[in-house]
Amino acid sequence: MVLSRRLPDAAVAVLTAVADVHRPEVDRPLGAEELRTAVAGADALVCLLLDRVDDALLDAAGPQLKVVANIAVGYDNVDVEACRRRGVRVTNTPGVLTDATADLTLALLLGITRRVGEGDRLLRAGRSWGWDLDFMLGTGLRGARLGLVGYGAIGQAVARRAAAFGMHVAYAARHPAAADAPPAERLPLADLLASSDVVSLHCPLTPGTRHLVDAAALRSMRPTAFLVNTARGPVVDEAALVAALEAGEIRGAALDVFEDEPALHPGLVGRDDVLLTPHLGSATVQTREAMAVLAARNAAAVLTGQEPPTPVG
Ligand SMILES: O=CC(=O)O
């Protein structure tokens with residue numbers, strides 16, 4: 001069993017009970033080459049969303065590999081089909097990060113609509129300011145329309161929170177929501193984009209959602225609208241987003257994820273109509289431990305011949 005990153009003790013305890021655990025010697029994410037060397041001969045890999053699990057990595061691991069346990073709900077970093085061909089189970093960590101990610105989505109939504117980052121920068125820069133009737137006005141949320149792209153667990157958790165702020169919630173998704181989902185209007189994506197005051201992305205990154213928010217989609221949004229992305233960076237065409245902001249096609253964007261992480265599009269950095277956080281959606285002490293423990297349980301289950309709690313393939 002190989003870990004691509006050091007894990008919290010609670011997760012390591014789950015793994016050492018069933019396997020001989022190899023932890024990385026370095027305290028940083030491994031490069032692709034280092035990971036290929038590390039996985040040779042492993043029967044299980046517990047990895048991060050940064051780690052690309054593709055044919056080359058699976059070849060480097062060898063035929064005894066039984067499970068890839070990704071510590072993330074998104075698993076676009078794993079070639080699930082290549083794993084399936086080799087009989088390697090893939091697991092992710094849904095559920096345990098729903099609240100944390102929904103909370104950060106609301107933090108970004110509030111932050112961009114009420115200009116929190118911009119105000120913070122103004123004060124730190126020592127610029128002169130004074131309370132005035134029209135000073136740094138933002139956009140109120142009561143009665144505003146929130147459009148959720150994707151209505152899975154995280155989208156629904158955002159809907160519940162947004163309802164508490166008096167927002168009208170709609171969603172675009174391939175399937176209608178289950179009966180126990182919070183009430184929300186289902187709209188075709190084009191209508192959702194055109195009618196929302198805030199568009200928030202909660203879909204997985206797949207070939208079908210890559211650049212879902214492209215130049216045309218941005219142009220179809222209201223010029224007063226905001227875009228929030230806590231899903232995956234490549235769902236948005238970042239260059240098109242910068243151009244749309246520059247042209248005033250939308251009012252602002254709050255982004256926790258980026259097309260080429262950890263690099264940022266240079267056009268985003270200097271803009272006051274953009275709020276940026278470094279992929280913090282699940283970044284609470286409690287959530288990260290829960291994610292690592294769930295990934296460990298998944299790996300341990302496969303190694304002991306049981307069905308993993310949260311498989312994806
Ligand atoms: O981005 C984080 C995750 O997919 O869990």
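How exposed is Thr16, judged by its relative accessible area? In this predicted model, Thr16 is partly exposed, with a relative accessible area of 40%; a value between 20% and 50% falls in that class. Thr16 belongs to helix α1, which covers residues 9-16. Its position also links two distant parts of the sequence: Thr16 and Ala300 are separated by 284 residues along the chain, yet their C-alpha atoms are 9.0 Å apart in space.

With this starting point in place, the overall form can be described. The protein contains 12 helices and 11 strands. Along the principal axes, its C-alpha atoms fill a box of roughly 65 × 50 × 30 Å. The radius of gyration is 21 Å, which agrees with the value near 20 Å that a compact globule of 313 residues would have. Of these 313 residues, 49% are buried.

The strands can be followed sheet by sheet. One open sheet is built from 4 strands with parallel pairing, in the order β1-β2-β3-β4. Its edges are taken by β1 (2-3) and β4 (89-91); each of these has a single partner strand, so one side of each is left without a neighbour in the sheet. At one of these edges, β1 pairs with β2 (residues 44-47) in the parallel sense, over 2 bridges. Here Leu3 stands opposite Val46 of β2.

Another open sheet has 7 strands, again with parallel pairing, and runs in the order β7-β6-β5-β8-β9-β10-β11. The edge strands are β7 (185-186) and β11 (274-276), each of which pairs on one side only. Further in, β5 (residues 145-149) has 4 of its 5 residues buried, so this strand is largely enclosed by the rest of the structure. The pairing of β5 with β6 (residues 168-172) is parallel and extends over 5 bridges, with Leu146 having Val169 in β6 as its bridge partner. In the order of the sheet, β5 is followed by β8 and then β9. The strands β8 and β9 pair in the parallel sense over 4 bridges, and Ser200 is found opposite Val228 of β9.

Strand β9 (residues 226-229) also includes Asn229. This residue counts as buried, because its relative accessibility is 0% and the limit for burial is under 20%. The side chain of Asn229 reaches the backbone oxygen of Arg232 at 3.2 Å. Arg232 in turn leads to the ligand, as it is one of the residues that surround it.

The full set of residues around the ligand consists of Leu49, Ala72, Val73, Gly74, Leu97, Arg232, His279 and Met291. By class, this shell holds 5 nonpolar, 2 polar and 1 charged residues. Oxygen atoms of the ligand take part in several short distances to the protein. From the backbone, an N or O atom of Val73 lies 2.8 Å from an oxygen atom of the ligand, and an N or O atom of Gly74 lies 2.9 Å from an oxygen atom of the ligand. Arg232 contributes through its side chain, where an N or O atom is 2.7 Å from a ligand oxygen atom. The ligand taken alone exposes 190 Å², and the protein buries 90% of that.

Some features of the backbone geometry also deserve attention. Most residues other than glycine have a negative phi, and most peptide bonds are trans. Against this background, Arg115 has a positive phi of about 60 degrees although it is not a glycine. Arg115 sits in the loop between α5 (98-113) and α6 (116-124) and is partly exposed, with a relative accessible area of 27%. His211 likewise shows a positive phi of about 60 degrees without being a glycine. The loop that holds His211 connects β8 (198-201) and α9 (215-220), and His211 is partly exposed at a relative accessible area of 30%. The peptide bond from Glu261 to Pro262 is cis, with omega near 0 degrees. Pro262 is located in the loop between β10 (252-255) and α11 (266-269).

How values were computed. Residues are numbered from 1 along each chain as its sequence is written. This is a predicted model: local features need pLDDT of at least 70, side-chain atom pairs count only at pLDDT 80 or more; totals for chains, interfaces and linings use all residues. Side-chain values use heavy atoms; hydrogens and water are left out. Two strands pair if DSSP finds at least two bridges between them. A residue is near a molecule or strand if one of its heavy atoms lies within 4 Å of it. A polar contact is a pair of N or O atoms within 3.5 Å; within protein, one must be able to donate a hydrogen and the other to accept it, and residues adjacent in sequence count only if both atoms are side-chain atoms. Accessible areas come from the Shrake-Rupley method with a 1.4 Å probe; for residues, only the protein chains shown count as cover. Ala, Val, Leu, Ile, Met, Phe, Trp, Tyr, Cys and Pro count as nonpolar, Asp, Glu, Lys and Arg as charged, and the others, Gly among them, as polar. The radius of gyration is taken over C-alpha atoms; the globule rule is 2.2 Å times the number of residues to the power 0.38. Buried means under 20% relative accessible area, exposed over 50%, partly exposed in between (1.4 Å probe, protein chains only).
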